[in-house]
Structures are given as C-alpha cells and as structure tokens.
Amino acid sequence: MPRFAWLLMSQIVSPKHDVRSLRSRLFIEKLKHDIQNGKLVEPLVVRSIGDVYEVVSGETRHIALKELHFEKVPCYIHNVNDVEASFYRLKTAIMRKGYDP
C-alpha cells in the first residue's frame, strides 16, 4: 500500500531508465506555468532506494518542479522492485502518450 509524504526535492532522483527519453520543452514550460498557478494535479510516484527516492511516475513533473526550485513536493511512496517500477513507468507513459506533443 503506497503512503503519502512531502519529500525534499534533494531526496528525489530521476529514474536510471526513463521510458520517455524525449520531452517537449514547450510541454514542460506549460506544465511549469500550470504548477505556478496552483494546478499540480497529482503527486509524484516514487520508490525508496537507500537514502533517496527514485521517480517511478511523474518525471516530467519532477523536471518542472526542479526548474521551479520547489523545496518539497507531494509524493506517493510505493514499495516496488526494479521490474515493477519499469512496468509502472511503461504503463504510465503509454497512458499519457497523447499529453506531450
């Protein structure tokens, strides 16, 4: 069962294997604008790896939040292994494929 927490950005790292290697700069800028206007729709999904948390879902939001210099961000912490994390990333990327032109 995932748990919710506000994590420091310094504790969150990008995934080693990101299934969405190409991201539209325009989409990231629009996302940043939305976040600045209070429209962060959903928390990041992360998993614990030692003393840091790796993004499982929400890497584009993670990039935008980092560029906006957020100190803490809302996260759901899942207890998943490498295979489960990769599957979750792939499934999320397929579901959101149409969002980023």
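This briefing covers the nonpolar core, the aromatic pairs and the salt bridges of one structure. The model is predicted. Its largest nonpolar core has 18 residues, and the structure also holds 2 aromatic pairs and 8 salt bridges.

**Nonpolar core**

- In soluble globular proteins, nonpolar side chains tend to be buried together.
- Within the 18-residue core, the residues with the most contacts are Leu7, Ile12, Leu44, Val46, Val73 and Cys75.
- At least two residues of this core come from each of strand E1 (3–8), helix H1 (25–36), strand E3 (44–49), strand E4 (52–57), helix H2 (59–67) and strand E5 (72–78).
- Leaving aside residues up to four places away in sequence, Ile12 touches Leu7, Leu44, Val46, Tyr53, Val55, His62, Val73 and Cys75.

**Aromatic pairs**

- A pair of aromatic rings is described by the distance of the centres and the angle of the planes.
- Of the 2 aromatic pairs, one joins Phe4 and Trp6, which are edge-to-face at 6.3 Å centre to centre with 90° between the planes.
- Phe4 also pairs with Tyr76: the ring centres are 5.6 Å apart and the planes lie at 70°, so this pair is edge-to-face.
- The pair of Phe4 and Tyr76 links distant parts of the chain, with Phe4 in strand E1 and Tyr76 in strand E5, 72 residues apart.
- Phe4, Trp6 and Tyr76 together make one aromatic cluster.
- Phe4 is partly exposed because its relative accessibility is 41%, and Tyr76 is partly exposed at 34%.
- Trp6 has a relative accessible area of 53%, so Trp6 is exposed.

**Salt bridges**

- Side chains of opposite charge can pair when their charged atoms come close.
- Asp34 and Lys30 meet in a salt bridge of 3.1 Å, N to O; both lie in helix H1, 4 residues apart, about one turn of the helix.
- Asp34 is buried because its relative accessible area is 18%, which is under 20%.
- Another salt bridge joins the side chains of Lys32 and Glu67 (3.1 Å, N to O).
- The pair of Lys32 and Glu67 links distant parts of the chain: Lys32 is in helix H1 and Glu67 is in helix H2, 35 residues apart.
- Lys32 counts as buried at 14% relative accessibility, whereas Glu67 counts as partly exposed at 29%.
- Arg25, Glu29, Lys32 and Glu67 are joined into one network by salt bridges that share partners.
- The side chains of Glu54 and Arg47 form a salt bridge of 2.7 Å, N to O, and both residues are buried.

Terms used. Residues are numbered from 1 along each chain as its sequence is written. This is a predicted model: local features need pLDDT of at least 70, side-chain atom pairs count only at pLDDT 80 or more; totals for chains, interfaces and linings use all residues. Side-chain values use heavy atoms; hydrogens and water are left out. A nonpolar core is a set of buried Ala, Val, Leu, Ile, Met, Phe, Trp, Tyr and Cys residues joined through side-chain atoms within 4.5 Å. Buried means under 20% relative accessible area, exposed over 50%, partly exposed in between (1.4 Å probe, protein chains only). Contact means heavy atoms within 4.5 Å. Rings of Phe, Tyr and Trp (its six-membered ring) pair if their centres lie within 6.5 Å; planes under 30 degrees apart count as stacked, over 60 as edge-to-face and the rest as tilted. A salt bridge is a side-chain nitrogen of Lys or Arg within 4 Å of a carboxyl oxygen of Asp or Glu.
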